Structure formats: C-alpha cells, structure tokens
Amino acid sequence: MRLGGLSVRARSVVEGFIAGQHRSPHRGSSVEFAEYKEYTEGDEIKHIDWRAYARFDKYYVKQFEDETNLCAYLILDGSGSMDFGSEGVTKLDYARTLAASFAYMMLRQGDAVGALLFDDKPGLYLPASSKTSHLDDVLQVLERLPGSGRTDIAVALQAMAERLRRRGLVVLLSDMLDDAERVMNIAKVLRKRRQEVVVFHVVDRAELELPYEGLTLFEGLEGEGELLVEPDDIRARYQEEIAAHIRGIERECRDGDIEYFRVMTTQPFEAVLLDFIAARLQARR
Amino acid sequence: MNFLNPLFLAGLAAALLPVVIHLINRRKALRRPFPALSFLLKSQKKLARSLKVRQWLLLAARIAALTLLPLAMARPYLMGEGEDAQSERLPQAVVFVVDDSASMSWGEGEAWRKAQQAVAERVGELRPWDKAALVFASRQPEGSKGGEDGSIPALTDSMGEITQALDEHKPSQRGTDLVGGLRAGWEILSGVEVPRERIILVTDRQKAGLDPREVPPEGFGVPIEVLDVRADADAGAPNLAVVDASYLQKAAGPKPEFEIEVIVQNFGAQDAKGVEVRLSLDGEQLGSTLVDVPAGKTARKTFAHRFERKGLHRAALSLAPGTDQLAADDTFYLPIHLAQKVRVLLVNGDPRLVAYQDETFYLDRALNPGADSGSAILTESVAVEGLASVKLEDFDVVMLLNVEKVPVATVGALRRFVEAGGGLLFSAGDKVVPEAYNALFGELLPKPVRTYKRLTTRDDPDAPVKVARFGQLDHTHPIFKVFHLPGGERIQSVPVYGYVLLEPTPDAASRIVASWSDGAPALVEKRVGEGRAAFLTTTVDRDWTDFPIRTAFLPVMRRLAQHLARRGTSEGEQRWVVGQPVTLDLPDGEEGRYELQGPTGQRIVLAADSAQEQAPRRFVPTEAGHYQVLKASAEPGAAAQPVEELAFAVNMDVAESDLAAISKEELGALLAGQGEDGQPRKDAQGSPLVERPEKRVGVWSLLLFGVTLLLLFETILGTRRSVLLRLWRLLTRQPTEPAL
C-alpha cells in the first residue's frame with residue numbers, strides 16, 4: 001500500500017463525518033517547560049535545546065506541560081496473525097487504515113498523535129505531535145507494519161507505559177491472539193496511570209466461523225505448526241473456544257474500565273469511528 | 001463354507017480402497033494459513049479421542065462393507081442337515097417319532113423345546129400335498145391305543161395339528177422306547193401310496209432307551225432321518241437320581257421306630273459331594289442329610305424316625321431342588337404301612353372246661369381285655385389240633401402255650417413263618433417234654449430244654465423261702481425298659497414255683513432277657529431269619545407261678561407280644577414304574593366301586609380286567625407319586641373312603657436316569673439294520689436308509705443384510721457433523737446458538 005493511498009483513504013473516511021463532531025476534552029492553558037528528553041526520530045527540531053547541546057554534546061528536546069489538547073498513541077499489532085484476510089482485506093490492512101483514519105481525525109482537531117508498532121517486541125515508535133504535517137510521519141510509520149513474527153501485546157503495552165509521562169489516550173489495534181489475562185493486566189496498569197485505553201479488536205469472520213470444508217492442513221501464521229483436520233469435525237468446539245476467548249477479553253475490558261470495540265474486517269471504517277466517538281460522548285455525559 | 005460364484009471373491013481386493021483413499025486424501029489436503037491455530041489445536045486435542053474412534057469405525061465399516069459385498073456376490077453357503085431343495089421333492093409321507101421320555105425334560109425342558117422347534121421347522125418345510133403323523137417314543141403300556149397319549153397316529157395333511165399336538169404335549173415320566181416309536185411309525189407308513197416315505201426321529205439319543213436286541217436286524221425299511229436334540233455332552237452327562245428307598249421297623253410299641261434307607265446314584269462322570277437328600281412324610285419335610293456319591297456309583301443314607309400314629313404314611317425321598325438338570329428322577333416315593341393291630345394266635349396246649357384253669361385264660365385277657373378296650377392286640381385261640389388249618393401269615397405272633405407237640409408239617413410252617421418275620425413264643429408247662437421239644441423244634445428254640453425244675457408248691461408252708469422270683473432283668477431290652485422306672489421293681493416280687501431249665505449253650509444268637517433269682521433263665525429270645533422266637537420258662541397260667549395275677553403280667557406280656565410281632569418292612573413289596581401296568585388285588589367278596597386317585601388328585605374308576613366279577617384291576621400310571629385306592633360308598637352322595645392297605649407308589653424308571661448317549665453313527669447303523677454284506681442297508685437308489693442329509697444353507701442374504709447395515713452405519717457416521725447437528729436441532733426444535 002502506498003503512502004498516498006493510505007492518506008487518501010484516511011482523509012476520505014474522516015472528512016465525511018468528522019466536522020464539528022469531536023471536541024478535545026483537554027484544554028491546554030500555557031506552554032510551560034517540564035523536562036528534557038533525549039531527541040528521538042520524529043521529535044520537533046524546533047524543540048531541540050541548543051544550549052543543552054552546547055553543554056552536553058547531545059540533542060535534548062524540551063517537554064512542556066499540556067502541550068496539546070490530547071495526546072493519543074496508536075499501538076499497532078504487526079504480528080504474523082494480523083496478515084490474514086479471508087475476504088480480501090487482511091487484518092493488518094484494516095488496522096492500518098483504521099489507525100490512519102484515527103490519526104487524521106485526531107490531528108485535524110489539534111490533538112497530538114503518536115504510534116508504536118510491535119510484534120513479539122516493541123518496534124518502531126513515533127512520539128506524539130499535533131502538527132498537521134505529523135500525519136505524514138504517522139502514515140510512514142504505519143506503512144512499515146511488518147505482518148510477521150509472534151504476538152506479545154503485553155510487552156508493547158509495557159514499553160508504552162514506560163514512555164508515557166502525561167495523561168493521554170492509548171489506542172490498541174490488534175487481533176488479540178495472545179494471553180488475554182496478561183495483556184489486560186498491563187492495560188489495567190495503564191488505566192490506573194490515568195491513561196484512557198481503547199482496544200480495537202480486529203477480527204476476521206473466518207476466525208469466528210471456521211467456514212472451511214474438506215480435509216485441510218492448517219498452518220499457523222506465527223510458527224505454531226500445522227494441523228491436518230476435517231474442519232467440520234472440530235467446528236463447533238472451535239467456535240466455543242474462540243467465543244470464550246473473545247468474551248473473556250470483553251469481560252476483562254469491562255472490569256478494567258477499558259473501552260472495547262470488536263471490529264470485523266468487513267465493517268466500514270466510518271461506522272467504527274462513529275461508534276468510538278459516540279461511546280466517548282456517552283462516557284463524558 | 002462353499003461358494004457358487006467364487007470369481008466374485010476377486011472383489012475382496014476392494015477392501016483396500018478405503019485405506020488407499022484415506023492416504024490419497026491426506027496428500028490432497030488443502031493447505032490453509034490460519035491465525036487462530038492455537039485454538040484449533042486446543043479444540044482438536046479435546047476431541048482427539050472421539051475423532052480417532054470415529055475415524056477408525058468409519059474405516060472399519062467401509063472395509064467391512066467392501067469385504068462383505070463381494071463375499072455376498074460369490075454366494076456362499078454352508079452345508080447343513082436337511083433335505084434337498086424343496087422344488088425337487090415329490091409328495092411324501094412323514095411320521096415324526098418324537099422321544100417324550102422323562103430325559104427330554106432335561107435342563108428345565110431345554111431338550112424338549114429343541115425338539116418342538118426342530119419338528120416345527122420340518123413341518124414348515126412340508127408342502128400342502130405332503131402328509132404327516134406324530135408318534136411319541138416313550139414306553140407305552142401294553143394294549144394302549146394310538147392317540148391316547150396325544151399323538152396323531154394317522155397321516156394328516158393338516159400340518160397345524162402336528163405342531164399344535166406337540167405344543168400341547170409335555171415330556172412324560174415314562175422310559176424311552178425308540179424302537180416302539182419307530183415300529184409305530186413304520187406301521188403308519190405301511191400301505192401308504194406316496195412316492196416318498198420317511199420317518200423323522202427326534203431324540204436325545206439316550207443309550208438306555210434303545211435296546212439293540214429289539215431293533216429288527218433288517219432295520220425298519222423306511223428312510224429315517226435323525227434330528228438330534230441332545231442338550232448336553234454325549235458321555236458323562238451329570239445326573240443324580242434317587243433310585244430306591246426302603247424301610248424297616250426297628251422297634252415295636254405304640255410309637256414304632258423305623259429306619260428309612262435311601263439310595264442315591266450318580267450317573268455322571270464327576271464325583272458329587274455334599275448332595276442334600278431330604279425326607280418328607282405326608283407332605284411335611286422331616287429332615288435332610290448330606291451324602292457324597294462317587295461318579296458312577298451309589299450311596300446310601302438312613303433316616304431314623306419314630307412314628308406317632310399307625311396306618312399309612314406317604315414318604316418322599318428327594319434331592320434338594322436344583323441339584324441337577326433332570327428333576328424328574330430326583331424324588332422317590334415310598335408308602336410306609338404301619339400295622340394298626342398286632343394279631344396273636346394263642347395255641348392252647350392245655351385246654352380246660354373251667355375257664356380260669358385254661359392255659360390261655362390270663363394271657364388272652366392281658367393281651368385283649370375286651371372288644372371295648374380298643375386294644376392294639378387282637379388274639380385268636382386255637383387248640384393244637386386246629387393249628388394245621390390256620391393260615392399263619394394272617395398273624396404277627398404265634399404263642400405255643402404249654403404245647404406238648406405239633407405235627408412236623410406245622411413245625412415247618414412255623415419256621416417259615418418266623419423266618420419271614422413272624423414272632424413265636426414258647427411257654428413252659430407240664431406238657432413240655434424236654435427231649436421231644438428239642439427234637440421237634442430244634443433251631444426254633446432259643447435254647448434247648450434241659451429239664452423241669454419244681455421248687456415248691458403253693459400250699460407248702462415254706463414256699464415263701466423256696467420260691468424263685470424275677471432276678472436279673474435286661475433293662476436295655478424293649479420289654480423290660482419300663483421296669484427300670486420307679487414302681488417297676490414290684491415285678492421282682494413275683495413268686496415262681498417251677499420252671500424249665502435250658503441248656504447253657506454258647507449260642508450268640510440267643511439272648512437272656514430275664515433271669516430268675518436263682519440265676520436260671522426266665523425269658524430267652526433268639527433271632528430266626530427275619531423273625532424272633534422267645535421262651536418263657538414258666539407257665540402263663542397259675543400252675544407254676546402267680547405271675548398271671550400280678551400287675552406286672554399285663555405289661556410284660558403285651559410288650560412281649562409287640563416285641564415279637566412281625567416288623568414292618570418294605571421288603572417284598574411290589575415296585576411300580578411309570579408306564580408299566582399296575583395290578584391291584586382288590587379284596588374278594590367286596591361290593592361297590594373302586595376308584596384310584598393319583599398324585600395330582602385326578603380319579604379314575606378301576607375297570608375289571610376280565611369278565612370275572614372280582615378279577616384284579618389294572619391300570620397304567622402316567623406319573624410318579626403316591627396313589628390311593630378309594631372305595632365308593634353304597635350310599636348315594638357319601639364320599640368314597642380310602643383303603644389304606646391298598647395305597648401304593650409309582651416311581652420313574654431308573655433306566656431313564658442314565659443320560660449316556662449312543663453316538664450318531666452307532667445310532668444310524670443300528671436303525672438302518674445290516675444288509676447281507678454286513679454293511680448298513682441302503683434304499684433302491686443306494687442312499688443310506690438312516691440319513692442326516694445335508695442341504696445348502698445360503699448365507700449371502702445374511703451378508704447382504706450386513707452390508708446394508710454397514711452402509712447405513714457409514715452414512716450416519718460419515719455425514720458432516722454440522723449437517724447432523726442442524727438436523728438434530730430441526731427435529732428437536734432447538735434454537736440455533738446465538739452468534740457472537
């Protein structure tokens with residue numbers, strides 16, 4: 001997917017409905033210096049403190065309190081299991097587009113957006129920024145989602161927790177094929193640190209229904225091995241297992257005050273975002 | 001197993017197809033990447049066992065179906081006993097000769113059920129134009145008419161009658177008579193004009209039921225098919241039977257003691273240990289005992305019983321229920337007759353005109369005080385001269401009272417009387433001459449008489465010191481047992497003025513029961529044959545003693561009479577067997593009708609065997625048990641009264657208890673008879689006369705049925721679970737589970 005394509009899609013998703021609908025709940029009051037932070041890729045060059053550079057021969061960036069209205073971080077699952085799509089669109093593509101649309105929507109209303117990619121370890125990280133031009137950075141990062149390797153959501157969330165200094169919004173986009181309990185424990189820690197956590201659980205319909213017929217050799221996408229089986233023989237049992245897994249995640253999110261959205265890859269992005277906004281508005285009331 | 005189309009067996013190779021297809025399918029399996037493989041693995045792990053079983057079952061069903069199909073198409077068949085194809089048969093006349101002897105009730109009727117089933121099958125194979133008859137091969141009474149036993153002794157084309165008659169019939173308690181049954185079958189077929197005749201013999205092949213000497217050497221001249229319904233092994237079939245029982249009176253008296261002996265025989269090849277034998281009297285079980293019976297041997301056990309009342313007692317000696325598989329021979333019925341009265345013949349050796357001087361005066365009154373006394377002892381007096389004309393068998397005891405001599409012929413009759421169980425008493429007196437007595441009676445005397453010894457006379461003033469009295473009494477003897485009790489010592493005061501001395505011979509058979517105070521024997525007894533002889537060495541009148549007027553006289557003489565009386569025994573009694581005629585000697589000169597009541601209560605009127613008015617009556621018992629004869633009262637409406645002395649018992653033929661079998665080959669050769677060449681005879685076509693023809697029993701239809709079942713099974717098992725699940729929900733109207 002080219003960058004231009006992703007950008008267009010994100011814009012077209014958001015432009016149609018966003019105007020006037022979302023207001024940042026956080027109002028910045030002043031630009032007050034808070035601390036230094038070592039420069040990393042994506043930081044604004046204008047925030048480099050040249051004096052500090054002169055003293056320590058290292059780039060330091062100034063951090064400010066309430067720099068923007070809202071700081072949102074997109075945490076994207078780039079594991080092998082995401083590179084699956086039974087109906088044209090892979091979960092990876094879907095999550096990428098949804099993340100891009102989300103970033104565009106946030107930046108458009110002046111909120112800052114950052115991103116973190118992961119598979120079984122934290123990957124590319126993009127610090128949050130509210131600059132309009134930051135969208136290109138976000139899209140660049142999203143384009144680099146690998147779509148391979150194992151999944152370890154908890155490690156990614158932990159890495160994110162270490163980076164976050166101020167209150168914000170953590171948006172996790174994943175197929176959640178991981179140890180749900182472990183993931184949710186970390187998510188709850190984030191929640192306790194006054195971070196709002198939103199989970200977009202990206203699901204392919206085939207994962208729910210196992211619609212295949214005939215003797216099939218299933219191959220794991222994350223190196224789990226193979227299984228030769230007649231899908232009809234185990235369908236009912238599989239559906240029970242996967243449903244129990246999803247219900248478990250839903251329950252954990254509900255208990256941990258984490259917003260949860262199960263998103264089918266066939267679902268329109270606008271609808272997903274509208275659901276998200278509607279839920280937030282309802283929560284604010 | 002044989003095949004009509006063996007070429008189709010090549011199709012058995014198709015049985016490998018499911019395996020090959022399974023392997024090919026495995027290779028052709030579609031590879032499909034799937035993200036939630038861990039959940040698939042988890043699901044598969046939980047279902048692995050049932051999936052594996054299902055797959056194996058499916059594979060087995062497919063292989064079995066593909067194996068059975070070519071097998072069925074090859075048209076396999078088995079060779080079984082039976083006829084040729086029915087279409088090949090011409091009209092035929094068949095006589096079913098069915099063994100209904102007691103042994104056919106083996107195993108709670110298992111053999112009989114097999115016989116019924118076998119006949120029903122054969123009847124089912126007959127065509128409408130065939131004819132059949134039914135004969136039972138158990139020992140029929142002489143002169144019995146065909147059909148009395150439920151058989152159908154004439155050919156009929158109504159096959160239902162045959163099966164119905166057999167269904168209603170039960171195994172009898174009679175012995176086996178295969179030859180008789182076959183003869184009857186042959187007679188039915190003789191003169192019948194049909195292309196084919198044959199006898200179907202249904203038997204358990206009991207060896208005892210077939211006497212080779214009875215089989216005509218030339219055979220029966222009719223093809224005989226043997227249907228074997230034996231339910232057990234040929235040799236050493238386990239069976240125990242009560243084969244005999246007897247009784248013997250051990251002691252007389254108001255409550256006589258009897259010994260009842262039972263004989264149990266083990267016909268099997270294994271020793272039987274701890275077999276419970278029970279004694280029942282008049283329907284009440286009195287006791288039981290355990291007996292070990294070695295294989296092929298008999299064992300005896302004796303019950304002792306003291307009867308409370310005289311008259312008839314119905315005994316049954318039986319094995320405990322469930323001891324063996326043939327219950328019919330586990331009980332032996334034995335009537336026990338206890339004489340109501342002791343009949344005593346007093347032979348008066350010194351009759352007098354003055355009553356109290358008569359030799360029998362005191363004794364007669366002691367034994368039978370009068371008609372109103374109800375005494376259990378009946379007396380009859382006779383002079384010595386009249387003794388020869390008396391029928392001694394009508395008496396239990398004969399008392400020779402101071403008898404000088406009797407005719408030699410009478411002595412012989414007395415000896416036979418005593419040897420047969422009667423009792424004989426000699427009492428002394430002035431007529432007894434020692435030498436003549438010893439010469440005349442010889443061995444009948446307990447001890448030879450030596451001499452007469454006069455001690456004193458009644459009017460002698462010194463008599464009290466000269467007399468002898470009763471001295472030593474044998475208190476273990478039944479006569480004097482009671483004198484050991486308080487008051488019994490008064491017998492010792494009886495004075496005796498004279499007695500005869502007996503020779504002191506060392507005769508072990510003699511026993512001195514009482515002695516005088518001077519040591520001389522007073523009463524001596526001796527066993528002679530089955531009976532007893534006793535010698536009282538003084539008089540039974542007052543010539544030599546005052547004993548007759550003493551109170552002890554009455555009990556001593558009564559007990560002596562009862563002790564000497566003929567003992568009750570079953571020896572010599574006629575043993576009646578089921579199926580064999582019973583001849584009853586009804587009392588002469590009696591008027592009125594006699595009836596016979598069997599074990600089940602059914603009564604039959606006894607018919608005269610001949611035109612003579614009082615001829616012996618005959619009847620043929622059909623079941624074992626106790627029978628009683630009833631005499632109908634002359635008065636209308638009055639109940640018939642049992643005649644106890646005519647009661648008898650009927651038991652099963654012992655031969656029927658031996659379940660050993662004759663081999664099929666031996667039976668076939670025996671029934672066919674021998675030709676001139678010494679070989680079993682054959683018919684005009686050269687077929688054996690005794691056959692167990694084989695017929696083809698097709699099994700392909702069974703195999704095809706199996707294939708159908710397997711395919712049905714495969715269809716159900718092979719159908720997709722989701723389809724079955726939907727079908728199930730549709731049938732049970734269950735709602736589909738809500739989606740996530």
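**Figure 1. Burial and secondary structure in chain B of the predicted model****.** Chain B has 740 residues, and 45% of them count as buried in this predicted model. The chain carries 13 helices and 35 strands in its secondary structure. Among contacts in chain B whose partners are separated by 6 or more positions, 75% are between residues 24 or more positions apart. The accessible surface of the chain is about 37000 Å², and carbon and sulfur atoms account for 53% of that area.

**Figure 2. The interface of chain B and chain A****.** On the chain B side 27 residues are in contact with chain A, where 36 residues take part. The area buried between the two chains comes to about 3100 Å², with 66% of it given by carbon and sulfur atoms. Between chain B and chain A there are 5 salt bridges, and one of the salt bridges in the model joins B:Lys42 to A:Glu241, with the closest N and O atoms 3.9 Å apart. Polar contacts across this interface, counted where both residues have pLDDT 80 or more, involve 9 residue pairs. On the side of chain B that touches chain A, the elements that give two or more residues are helix 1 (17–27), strand 2 (30–34), helix 2 (37–73) and helix 13 (721–732). Of these elements, helix 2 of chain B provides the largest share, 13 residues.

**Figure 3. The largest nonpolar core and the surroundings of A:Leu157****.** The largest nonpolar core has 51 residues, and the members that touch the most other members are A:Ile75, A:Leu157, B:Phe34 and B:Leu40. When neighbours within four places in sequence are left aside, A:Leu157 is in contact with A:Ile75, A:Val170, A:Val183, A:Ile186, A:Ala187 and A:Leu190. Another core, of 44 residues, lies apart from the largest one, and its members include A:Leu6, A:Val14, A:Leu169 and A:Leu173.

**Figure 4. The buried residue B:Asn348 and its polar contacts****.** B:Asn348 is placed in strand 16 of chain B, which spans residues 342–348. Its relative accessibility is 8%, and therefore B:Asn348 counts as buried, the cut-off being under 20%. The side chain of B:Asn348 makes a polar contact of 2.7 Å with the side chain of B:Asp358, and the side chain of B:Asn348 also reaches the backbone nitrogen of B:Asp350, at 3.0 Å. If residues up to four places away in sequence are not counted, B:Asn348 touches B:Asp358, B:Glu359, B:Thr360, B:Val382, B:Ala383, B:Val384 and B:Leu401.

**Figure 5. The partly exposed residue B:Asn438 and its contact with B:Val449****.** B:Asn438 belongs to helix 8 of chain B, residues 434–441. With a relative accessibility of 25%, B:Asn438 counts as partly exposed, because that class lies between the limits of 20% and 50%. Beyond its neighbours within four places in sequence, B:Asn438 is in contact with B:Leu445, B:Pro448 and B:Val449. For B:Val449, the backbone nitrogen lies 2.7 Å from a polar atom of the B:Asn438 side chain. B:Arg450 is 12 residues from B:Asn438 along the chain, and the C-alpha atoms of these two residues are separated by 8.8 Å.

Notes. Residues numbered from 1 in each chain as written. Chains lettered and ligands numbered in written order. Predicted model: local features only at pLDDT ≥ 70, side-chain atom pairs only at ≥ 80, totals over all residues. Heavy atoms only, no water. Core = buried A, V, L, I, M, F, W, Y, C linked by side-chain atoms within 4.5 Å. Buried < 20%, exposed > 50% of the residue type's maximum accessible area, 1.4 Å probe, protein only. Contact = heavy atoms within 4.5 Å. Helix = DSSP H or I, 4+ residues; strand = E, 2+ residues; numbered from the N terminus. Areas by Shrake-Rupley, 256 points an atom, 1.4 Å probe, with all protein chains shown as cover. Buried area = accessible area lost by both parts, 1.4 Å probe. Salt bridge = Lys/Arg side-chain N within 4 Å of Asp/Glu carboxyl O. Polar contact = N/O pair within 3.5 Å; in protein donor to acceptor, adjacent residues only side chain to side chain.
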